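Biologist: I'd like to go through this model with you before I head back to the bench. Can we take it piece by piece?

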Amino acid sequence: MERKAGNMKDVKIEQRIDALLSRMTLEEKAGQLHQAGGSLVGAFDMTIGDIFTMVEDGRMTREEAHKLLSESKRDWQEEDLRAGRIGSYIGITSAEEMNRLQHIAVEESRLGIPVFNGFDVIHGFRTITPIPLAESCAWEPALWERTARMSAEEASSAGIHMTFSPMVDVSKDPRWGRIAESAGEEALLNGLYGEAKVKGYQTEDLTRHDALAACVKHFAAYGAAEGGRDYNRVDMSPQRLEEEYLPSYERAVKAGAWAVMPAFNDISGVPCSVNRKLLTDILRRRWGFEGMTISDANAIAECINHGIAADRQDAARQALNAGMDMDMTSGCFLENLKTLVENGAVSVETLDEAVRHVLRLKFALGLFDDPYRSSAAQERAAMLTPAHRALAREAAQKSMVLLKNEGVLPLEKHMCVGLAGKLAFDGDEMSGTWAGFVKPGDCVSLSDAMHGASIAFVPVTEDMLPECDVFLCAVGEHKEESGEAASRARLELNETDLALLRRLRESGRPVIAVVFAGRPLCLGPVVEAADAILMAWHPGVEAGNAILDLLYGRVNPSAKLTAGFPVTTGQCPTLYYDHIMTGRPAGKFKFTSKYLDSPVEPLFPFGFGLSYTSFHYSDISAVQTEDGIHAEISVDNAGDWAGDEIVQCYFRDPVARRVRPVRKLAAFSKITLQPGESRRLSFEIPFQMLGYYDQDMHFCVDDGQIEIFIGGNVWDTEKADVILTRGE
Ligand code: GLC
């Protein structure tokens, strides 16, 4: 049965929860709300946080830390588990280990309540697919659901019950490293991405052994961190929060996600972890969410740093009273909830409600009736299968964006290639951030793929430019430069890459740049040096094969950007496409809104991407209907290649009670057209989508002119006007 927000309750299960609650002590209730991580045992007693600090201050290399974290035995605090002080785990990645610990919980604790185990399955578990920002460029919900299904099959076989995914944070600032984990700068795409992932992870029956509970994060507006600096403040109007940020979480929650993770950041001064307006008024009362909220790592304790809590007990009190159910690893709930109830700072009803949400999730997962989910044999059988690799390759083909092609692509197999750039030879860099459980050697590098396809190539070395027909040059970011705690104040390529590009340009031979990154970068020098540019992102285990599929024309590129690319870093954070006009829109006249030393337009706009064919748009029309606006357009494939085109439909409300964006994505359609084929497409834009909040927070839809734009990217469009007359 598909469970959506507002109908997660099953009468019989609620009765079983009541019965259990009536038997639980205060300690056991506090224990149910505590998520434990596996602390390190062996050579020394230190926390995982200590290790990160040692890497930061240079006392340990990243490689040493990775080795330590991946090889050290973990202490899963069995005694606490036996005593009912642990409600869930984070980070177990073996069916055997999970079953061993589950046995203690179910057979050796007083009430036999099973635990659930969460892990960051963000873009694959062992079969790593393209990072979310890349996959979002496919504009294909069906694909997003399929890769989520694959991730769930692999992760569930390794003893994982919940993934801390999908992340649907609208990300308009590429300085923020976590843009890599998002579906870019548009709420509609992030919402559709989240909805598809929830369905793919959970299926319609969460008790299935290959299902994962989804956890929508980071609620809310984490992507608006000031300055693109991770964990920094978020300060915005309630109108902007409602119009541009909350919709992506709402769609993912209403798809039936069983968990929601509040964000580290504050919103206008109130940290999300203790933000009752967010966690109770909006999430539960307005959206009808009946699942479980789980804090981000240590986030409850960090409310002390925020300056909103006096100490750990105060943080626990505020978080629980705001609507936080599960405490991820801080220990504040476990240490303090009994005392808080006894001194009346937290009511037993509030505590019970939080425990109920946790137990409801565990019943929904089927863990009470079927606590042991997988075995080592099933685990081995599920990982990195040929079918999974094939899907990862398809996702990568559909994620890579062709940004430039001055007649040099597709390549021909007989051509001799000069292969340049360290990233072309390093498969492990292809996995990108949050690469779950990938193993060294899992990822196919560009050079591996060329070997595999028997394509002749000669490496470009420091001091030698080989004889060749064309240069293939890999530039961009290492995976450590992307993701959490990886904000950048400069988005230009590093000097090594820039010097290499210049050297290849001076050879006079064709240069094709393949850019690996977890974010939009300033690619101006790449545009100058290269005849063709493929934005490959961090594409996962099938990186090299997918790149060759596109460069040699086995697949026609179709991906389109879901975040604009800057000319200069200084354009951030005003680079996003759905900006407002201002009273003095940028123009030639001095006194207009622009920079002295940079354009205001992006280098590559939202929705942009090239193909080996060309698509022409004509005969746009738009009329008002009973429910909104009906728009139509004709699209022709005017080239020699069959190809997929992502047709985008935008609108603008040119006169409103608050200033409105110059463009807003309303709908899109991905179609396949044979050479010479033409298609008439239609789009329905409901009135709700045209609406916005006025100065007094009243939701309104205006009568009057609405401009409709349809085309192959946000600025390359046909235009039609509609005059709405709804008489309201
Ligand atoms: C991290 C991230 C969050 C992740 C969690 C567990 O700090 O903010 O996205 O799910 O901790 O790893």
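Modeller: Let's start with methionine 167, which counts as buried because its relative accessibility is 3%, buried being under 20% relative accessible area, exposed over 50% and partly exposed in between (1.4 Å probe, protein chains only). Bear in mind that this is a predicted model, where local features need pLDDT of at least 70, side-chain atom pairs count only at pLDDT 80 or more, and totals for chains, interfaces and linings use all residues. Residues are numbered from 1 along each chain as its sequence is written, and side-chain values use heavy atoms, with hydrogens and water left out.

Biologist: Which residues does methionine 167 touch, not counting residues up to four places away in sequence?

Modeller: Methionine 167 lies in the loop between strand S6 (162-163) and helix H9 (187-202). Helices (H or I, at least four residues) and strands (E, at least two) are DSSP runs, numbered from the N terminus. With contact meaning heavy atoms within 4.5 Å, methionine 167 touches Trp176, Arg178, Glu181, Ser182, Asn190, Tyr193, Lys217 and His218, leaving out residues up to four places away in sequence.

Biologist: Is histidine 34 buried or exposed?

Modeller: Histidine 34 sits in strand S1 (residues 34-37). Its contacts beyond four places in sequence include Arg85, Ile86, Met326 and Asp327. Since its relative accessibility is 9%, histidine 34 counts as buried.

Biologist: How do the axes of H17 and H21 cross: parallel or oblique?

Modeller: Two packed helices are described by the angle between their axes and the distance between the axes. For H17 (residues 386-399) and H21 (residues 543-551), the axes come within 8 Å and cross at roughly 50 degrees; axes are lines fitted to C-alpha atoms, for helices over the stretch in contact, with angles from 0 to 180 degrees between N-to-C directions. Under 35 degrees counts as roughly parallel, over 145 as roughly antiparallel, 65 to 115 as roughly perpendicular and the rest as oblique. That angle therefore makes H17, relative to H21, oblique.

Biologist: Which residues in H21 do Arg393, Ala396 and Gln397 in H17 meet?

Modeller: These three belong to the H17 side of the contact. Across from them, in H21, are Asn545, Ala546, Asp549 and Leu550.

Biologist: What distance separates the centres of domain 1 and domain 2?

Modeller: Domain bounds come from an automatic or database domain assignment. Here domain 1 covers 11-38 + 76-108 + 271-384, and domain 2 covers 41-74. Taken over C-alpha atoms, their centres are separated by 27 Å.
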